[in-house]
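Trainee: Could you take me through one part of this model in detail? I would like to see how a single element sits among its neighbours.

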Amino acid sequence: NDIQAALGFEQIKRINDYIKRRNIIAERYNYAFKDLPLTKQLKRKGMTSSYHLYVITLNKNFSAKDHLKIFNKMRDKKIGVNLHYIPVHTQPYYKKIGFKKGDFPAAENYYKRAISLPMYPTLTRKDQNRVIESLKECL
């Protein structure tokens, strides 16, 4: 509608600033996590990412239970982590048509180890420090 179009139009004017800010936040995360047992998002040289999400993947020595424990501890600390993405074949519709757990083990493995950290242009340095320190404590 017109209101949504007007909001979108105004946001497009700031898209480059948003992307620049998200890249600064991602660089801080990358530096802070360089020695932790996790994998960070990859970015090809010469490419710019919009960092819509900032996803970490726990190393394989972490179990699914460890993943859930870390996720819950972060949530207990009021850190807005999320799980992305639930494998499509485990969704109710796809289960009804015959898909089942185990059909796509790579997707399921990724889901058991990935956690999305807070990533938005107005994330303050103070709040990002809290995310970083909380994750280090939880690991």
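Mentor: Happily! In this predicted model, the buried residues of helix H2 pack against strand S2 (54-58), strand S3 (114-117) and helix H6. The residues of H2 that are buried are Arg22, Asn23, Ile25, Ala26, Arg28, Tyr29 and Ala32. The spacing in such a list is worth a thought: an α-helix has 3.6 residues a turn, so residues three or four places apart point the same way.

H2 itself covers residues 15-32. At 1.5 Å a residue, its 18 residues should span 26 Å, and because the end C-alpha atoms lie 26 Å apart, the expectation and the model agree.

Now for the helix partner. H6 takes in residues 125-138, and the two helices pack at an angle of about 30°, their axes 11 Å apart. H2 is therefore roughly parallel to H6, since angles under 35 degrees count that way. Their crossing is right-handed. On the H2 side, the residues in this contact are Arg21, Ile25, Arg28, Tyr29 and Ala32; on the H6 side they meet Arg125, Gln128, Asn129, Val131, Ile132 and Lys136. Sorted by class, the contact has 5 nonpolar, 2 polar and 4 charged residues. Ile25, Arg28, Tyr29 and Ala32 are among the buried residues of H2 and also take part in the contact with H6.

For the wider setting, the protein chain has 6 helices and 3 strands, running α-α-β-β-α-α-α-β-α from the N terminus. Of its 139 residues, 32% are buried. Among contacts between residues at least 6 apart in sequence, 68% join residues at least 24 apart.

Notes: Residues are numbered from 1 along each chain as its sequence is written. This is a predicted model: local features need pLDDT of at least 70, side-chain atom pairs count only at pLDDT 80 or more; totals for chains, interfaces and linings use all residues. Side-chain values use heavy atoms; hydrogens and water are left out. Axes are lines fitted to C-alpha atoms, for helices over the stretch in contact, and angles run from 0 to 180 degrees between N-to-C directions. Helices (H or I, at least four residues) and strands (E, at least two) are DSSP runs, numbered from the N terminus. Angles under 35 degrees count as roughly parallel, over 145 as roughly antiparallel, 65 to 115 as roughly perpendicular and the rest as oblique. A crossing is left-handed if the near helix is turned anticlockwise from the far one by less than a right angle, and right-handed if clockwise. Contact means heavy atoms within 4.5 Å. Ala, Val, Leu, Ile, Met, Phe, Trp, Tyr, Cys and Pro count as nonpolar, Asp, Glu, Lys and Arg as charged, and the others, Gly among them, as polar. The expected span of a helix is 1.5 Å times one less than its number of residues. Buried means under 20% relative accessible area, exposed over 50%, partly exposed in between (1.4 Å probe, protein chains only).
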